[in-house]
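Q: Could you take a close look at one part of this protein for me? I'd like to start from the aromatic rings and then follow one of them into the helix it belongs to, with the surroundings filled in.

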Amino acid sequence: MSDLMTTQAGDAGAFREFDLNRVPSPCFVVDEAAIERNLSILADVADQSGAKILSALKAFSMFELAPLVSKYLSGTCASGVYEACLGREEYDGEVASFCAGYKAEDMPQIIELSDHVIFNSPAQKDRFGPDCHKAGKHVGLRLNPEHSEGEIAKYDPCAPCSRLGFPVSQLNDETMHSVDGLHMHTLCEQGFDPLARTWAAVEQRLAPYLPKLKWLNFGGGHHITRDDYDRDGLIAMIKRLRDTYNVDVYLEPGEAVALDAGILVGEILDLPVNTMPLAITDISATCHMPDVIEAPYRPALLDEATSGTTYRLGGPSCLAGDVIGDYTWATPLKIGQRFAFLDQAHYSMVKTNTFNGVPLPSIAVWNSKTDSLKIVKTFGYSDFKERLS
């Protein structure tokens with residue numbers, strides 16, 4: 001999530017044709033055809049450039065579509081032992097794991113599940129790397145290029161005092177000992193130019209080490225499937241790096257896999273008035289779209305009107321700040337009316353929680369080409385209770 005969150009409009013696409021009353025509320029609805037469209041773009045970039053593209057489970061973990069993802073991409077990347085398990089159990093291909101701090105008790109399983117184990121510091125690399133090599137697994141080191149392209153500090157891995165990645169200015173022969181590959185994840189919902197500038201800022205510093213490496217991993221944050229992304233530039237850069245340094249190149253997009261491919265359907269529960277029209281909904285910002293509060297950002301509403309009645313939408317929880325934002329409808333809302341927020345397949349689904357006993361949204365797969373619909377998962381009281389004791 002990034003600075004784009006405050007401006008990105010979202011793409012209604014085929015969802016204008018979807019009857020919101022076909023699913024329970026609240027419900028994530030993911031368009032299988034849109035996912036495949038994104039995957040085919042990523043696969044084309046991989047084919048033309050020779051890169052290996054992994055799906056970032058931290059952004060989109062809907063393993064109902066794992067067979068489709070596995071058809072197009074080279075594997076998954078994980079942020080810890082649970083995601084590594086999911087990647088190995090449900091998806092095909094490689095598993096690359098990175099964690100800011102691994103626990104010793106998790107390492108045997110991490111090593112067993114992963115093809116690449118990427119460490120955040122030379123200390124963790126020196127502590128656990130030998131066991132990785134004994135098991136025939138690649139050891140990676142995450143770098144902080146100390147070149148910032150982000151506009152929001154909390155989403156910028158290169159912000160001052162960042163805990164993510166080893167500062168490139170401190171790199172030396174000792175820290176590079178037994179390193180098979182370097183990992184740099186510095187972007188967030190960005191195009192190609194920030195990646196090109198980042199690489200230009202560090203290439204000379206890394207030049208002595210590059211001939212000895214097996215791979216470079218540029219992490220995620222690349223909006224490769226966005227219409228205005230410079231895919232030709234990305235392909236040319238990857239080909240140059242592969243030819244010049246004889247390394248494999250990895251990319252780990254998350255949002256790009258599910259960009260504009262899902263909605264979150266909700267229902268109007270009540271319509272009080274306090275200075276302005278209010279609408280209580282069964283979608284909670286804090287429980288279902290926490291980035292609304294954390295980022296913050298304003299999720300795009302399906303077919304929002306430019307004039308009419310403006311309502312302040314909020315969730316059912318008792319948190320005073322459980323406010324989604326102000327939205328306009330051409331005609332006054334009615335209790336029981338359905339609505340939907342756009343571009344909710346990535347991050348929102350993986351961040352849901354049951355604070356205040358608010359139910360989790362159901363999950364559905366729809367295919368905009370065939371109009372087939374499958375309710376994949378519904379949640380109940382046990383999902384809330386079993387987390388607590």
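A: Happy to. In this predicted model, the count of aromatic pairs comes to eleven. One of them joins F119 and F128, which are stacked with 6.5 Å from centre to centre and 20 degrees between the planes. Both F119 and F128 are buried. Elsewhere, ring pairs tie Y311, Y327, W329, F339 and F341 into a cluster. One member of that cluster, Y327, also has a charge over its ring: the charged end of R298 sits 4.1 Å from the ring centre. F98 has a similar kind of partner, with R142 lying over its face at 4.9 Å from the ring centre.

Now for the helix around F128. Helix α5 covers residues 122–134, which makes 13 residues, and its first and last C-alpha atoms are 18 Å apart, close to the 18 Å expected at 1.5 Å a residue. Even so, α5 bends by about 45 degrees at F128, and the proline P130 follows within four residues. After the helix comes G136, with a positive phi near 80 degrees.

Which residues of α5 are buried? They are P122, Q124, K125, F128, G129 and C132. As a general point, an α-helix has 3.6 residues a turn, so residues three or four places apart point the same way. The buried residues of α5 pack against helix α4 (107–113) and against three strands, β5 (116–119), β6 (138–144) and β7 (166–167).

Q124 is worth a visit of its own. This residue lies in α5, and its relative accessible area is 13%, so Q124 is classed as buried, the cut-off being under 20%. Setting aside neighbours within four places in sequence, Q124 is in contact with G101, Y102, F119 and G129. F119 is thus a link between two parts of this picture, since it touches Q124 and stacks with F128.

For another view of how elements pack, turn to strand β17, residues 362–366. All of its five residues are buried. From β17, S362, A364 and W366 point one way while I363 and V365 point the other. That fits the general pattern: in a regular strand the side chains alternate between the two faces of the sheet.

β17 has two pairing partners to look at here. With strand β1 (residues 27–31), β17 pairs in the parallel sense over five bridges, and C27 has S362 as its bridge partner. With strand β18 (residues 373–377), β17 runs antiparallel and is joined by four bridges; here I363 stands opposite K377. β17 and β18 form a hairpin with six residues between them, and D371 in the turn has a positive phi of about 65 degrees.

Helix α1 meets both β1 and β17. Its buried residues pack against β1, β2 (52–56), α2 (66–72), α7 (231–245), α8 (255–258) and β17. Those buried residues are A33, A34, I35, N38, L39, L42, A43, V45, A46 and S49. As for length, α1 takes in 18 residues (32–49), which should span 26 Å at 1.5 Å a residue, and its end C-alpha atoms are indeed 26 Å apart.

Technical notes
Residues numbered from 1 in each chain as written. Predicted model: local features only at pLDDT ≥ 70, side-chain atom pairs only at ≥ 80, totals over all residues. Heavy atoms only, no water. Phe/Tyr/Trp six-rings, centres within 6.5 Å; stacked < 30°, edge-to-face > 60°. Buried < 20%, exposed > 50% of the residue type's maximum accessible area, 1.4 Å probe, protein only. Lys NZ or Arg CZ within 6 Å of the ring centre and 35° of its normal. Expected span 1.5 Å × (residues − 1). Bend = angle between axes of the 7 residues up to and from the residue. Contact = heavy atoms within 4.5 Å. Pairing = 2+ DSSP bridges.
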